[in-house]
Amino acid sequence: MAACNHEKTYSKTPPSLRFLSHNFPYIIPNQALNRFVSRCKLCDLIAAQDRATIAENPPPGINMVEGLERDIDLIEEMIAAGIATKQEEEDLGGLRKELENAIMFTNLRIDEAWLPYWEIWGPGDGPELLLDSLFDDGEDVIDWGA
């Protein structure tokens with residue numbers, strides 16, 4: 001009996017290693033997991049969503065996207081009001097590129113947060129995988145971009 005009380009509805013045996021390897025060769029399945037024992041897919045899904053929420057919304061001092069958006073908005077307002085310096089106008093392009101990179105790293109952190117779930121159940125739930133970026137070099141990208 002599961003501690004979560006979801007056993008009647010959401011308790012399932014995970015797909016076999018062979019099925020995952022054959023259908024999703026870009027995901028390395030969790031081989032330590034006993035795939036003959038039922039587990040609560042809902043609890044695994046909730047845990048993945050919680051990790052993804054943390055990856056998308058890091059602590060305030062570390063949230064690069066939020067800070068860059070604020071800086072870009074301020075410079076755009078200054079330009080519209082005609083009080084921006086030439087240097088600030090030139091910095092705007094660089095800030096937009098930094099924002100683009102920060103968003104890309106946020107998306108990578110979200111994908112990485114879903115990996116433990118996908119290693120058990122396979123992809124299908126969660127965001128669409130960014131395969132080109134996530135699996136290129138195998139580096140750990142959960143560094144919050146700081």
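Tutor: Welcome! One term first: a nonpolar core is a set of buried Ala, Val, Leu, Ile, Met, Phe, Trp, Tyr and Cys residues joined through side-chain atoms within 4.5 Å. Please keep in mind that this is a predicted model.

Student: Thanks! Which residues touch the most other members of the largest nonpolar core?

Tutor: This core has 16 residues. Both α2 (41–56) and α4 (86–121) supply at least two of them. The members that touch the most others are Ile27, Ala52, Ile110, Trp114, Tyr117 and Trp118.

Student: Which element gives the largest share of this core?

Tutor: We have just met α2 and α4 as suppliers of at least two residues each. The largest share is eight residues, and the element that provides them is α4.

Student: What does alanine 52 touch, leaving out residues up to four places away in sequence?

Tutor: Ala52 is one of the core members with the most contacts to other members. Leaving out those sequence neighbours, its partners are Ile110, Ala113 and Trp114.

Student: How many residues are in the second, separate core?

Tutor: Val65, Leu92, Leu95 and Leu99 are among its members. The full count for this second core is eight residues.

Student: How far apart are the end C-alpha atoms of α4?

Tutor: Helix α4 has 36 residues, and at 1.5 Å a residue it should span 52 Å. The distance in the model agrees with that expectation: 53 Å.

Student: Where in α4 does a kink lie?

Tutor: The bend there is about 40°. Look shortly before proline 116, and you will find the kink at leucine 115.

Student: What is the angle between the planes of tryptophan 114 and tyrosine 117?

Tutor: These two residues are three apart in α4, so about one helical turn separates them. Both are buried. Their rings form an edge-to-face pair, 5.6 Å centre to centre, with a plane angle of 90°.

Student: Is phenylalanine 24 buried or exposed?

Tutor: Phe24 pairs edge-to-face with tyrosine 26, at 6.4 Å centre to centre and 75° between the planes. Tyr26 has 31% relative accessibility and therefore counts as partly exposed. The cut-off for buried is under 20%. Phenylalanine 24 has 17% relative accessibility, so the word for this residue is buried.

Student: Which residues form one aromatic cluster?

Tutor: We have already seen phenylalanine 24 and tyrosine 26 as an aromatic pair. With one further phenylalanine, the cluster is Phe19, Phe24 and Tyr26.

Student: Finally, what pattern does the protein follow along the sequence?

Tutor: The protein has five helices and two strands. Read along the sequence, they give β-α-β-α-α-α-α.

Definitions and conventions. Residues are numbered from 1 along each chain as its sequence is written. This is a predicted model: local features need pLDDT of at least 70, side-chain atom pairs count only at pLDDT 80 or more; totals for chains, interfaces and linings use all residues. Side-chain values use heavy atoms; hydrogens and water are left out. Helices (H or I, at least four residues) and strands (E, at least two) are DSSP runs, numbered from the N terminus. Buried means under 20% relative accessible area, exposed over 50%, partly exposed in between (1.4 Å probe, protein chains only). Contact means heavy atoms within 4.5 Å. The expected span of a helix is 1.5 Å times one less than its number of residues. The bend at a residue is the angle between axes fitted to the seven residues ending there and the seven starting there. Rings of Phe, Tyr and Trp (its six-membered ring) pair if their centres lie within 6.5 Å; planes under 30 degrees apart count as stacked, over 60 as edge-to-face and the rest as tilted.
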